[in-house]
Amino acid sequence: MTAPYGIIGWPLGHSKSPLLHNWGLRTSGLPGTYEAWPTEPKKLKAFMAEVRARHIKGVSVTIPHKQAVMPFLDGLTDRATRVGAVNTLFWADGKLLGDNTDVAGIVAPLVPHREAIASALVLGAGGAARAACAALQELGVAEIAVANRTAKKAGLLAQDFGITAVEWEGRAARPWSLLVNTTPLGMKGEHQDQSPWPKDGFGGVGLVFDLVYNPVRTVLLQDAKNAGVTVLSGLQMFLQQGLAQFEIWTGVKLDEKGARQLLMMDLLATGG
Ligand code: NAP
């Protein structure tokens, strides 16, 4: 750990966060770099002690540490409290705090579509689903529901957010103005050819937001597009959550267009 910024996760795989944040530091002329810090769960305590000892300026947090880091912090932002997980560590007035910019990452791309979203179904009930529910509530969506392969988890999430749980098997039984996919179905690797939604089930659906961003065009987004539905890619969420992190750490608003181009070019170069 030599840089003032970095990401902690296990395994870290091919995270695009170092690409985005190192570009941000370079283009804004700020000192330091952003590193990948693959950290096993059993080493989290030692890692957090080092963050304090070295006064590391900014940490992105990803699976499986988003909840596990919370006991090591001095406090949480309202958003992190509502989600029950953090993806960003930062310092304020000498205190090490946790925020959740995944919520901002989901809110920002949906804002232009807000008026058309009367109802939303969140597919999946993990950490990203919790951020999606918090985002949809922030946007004031009137009817929010969740469907998950494991019904019990959907029930718990529904209870936490005061929303409805829908059976996974019956998820396409009625139309929703917005679908948000928070499952890994469609992601590069074993799930790439899969979709969480039936190809012929888009009647009445107006907008589909797939949080998966690699590949950019998932099976779900291709099927939705073919059915004439407006689509949003997870790349937009990744971009917005990253821009929000950078601003928290440095106070600098990065050029959104330049950052999007950087990520698109990288994904195209790596077959995304
Ligand atoms: P997580 O906590 O592990 O939750 C995954 C959810 O997907 C669980 O509800 C799980 O259901 C469901 N699921 C897994 N495999 C499934 C399958 N084969 N069929 C149906 N459902 C399945 O993960 P997470 O942190 O929420 O992340 C989920 C996805 O969100 C990631 O894969 C990633 O692509 C995306 N994401 C994107 C961004 C971004 O910036 N764009 C940020 C964060 C996450 P069970 O409860 O039944 O296991």
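This is a short tour of one strand with its two partners, followed by a pocket. Keep in mind that you are looking at a predicted model.

**Stop 1: strand 3**

Start by selecting residues 58-61, which make up strand 3. Show the side chains and turn the view slowly. Which way do Val59 and Val61 point? They face the opposite way from Gly58 and Ser60. Buried or exposed? All four of these residues are buried.

**Stop 2: the partners of strand 3**

Now add residues 5-9, which form strand 1. Strand 1 runs parallel to strand 3, and four bridges pair them. To find your place, look for Tyr5, which sits opposite Gly58 of strand 3.

Next, add strand 5, residues 88-92. The pairing of strand 3 with strand 5 is antiparallel, with three bridges. Pick out Val59 and look across to Leu89, its bridge partner in strand 5.

**Stop 3: the second largest pocket**

Time to move on to some empty space. Select Val216, Arg217, Lys225, Ser233 and Met264: among the 14 lining residues of the second largest pocket, these are the closest to its centre. The pocket holds about 240 Å³ of space.

What supplies the lining? Helix 7 (219-226), strand 12 (230-233) and helix 9 (256-269) each give at least two residues. By class, the lining has eight nonpolar residues, four polar ones and two charged ones.

**Stop 4: colour by domain**

Finally, give one colour to domain 1 (5-101 + 238-269) and another to domain 2 (104-235). Where does the second largest pocket lie? It lies between the two domains, because both of them contribute residues to its lining.

Methods: Residues numbered from 1 in each chain as written. Predicted model: local features only at pLDDT ≥ 70, side-chain atom pairs only at ≥ 80, totals over all residues. Heavy atoms only, no water. Buried < 20%, exposed > 50% of the residue type's maximum accessible area, 1.4 Å probe, protein only. Pairing = 2+ DSSP bridges. 1 Å grid on protein atoms, 1.4 Å probe; cavity = no way out; pocket = protein on both sides within 12 Å on 5 of 7 lines; lining within 4 Å. Points joined across faces, edges and corners; volume = space filled by probe spheres on them. Nonpolar A, V, L, I, M, F, W, Y, C, P; charged D, E, K, R; others polar. Domains from an automatic or database assignment.
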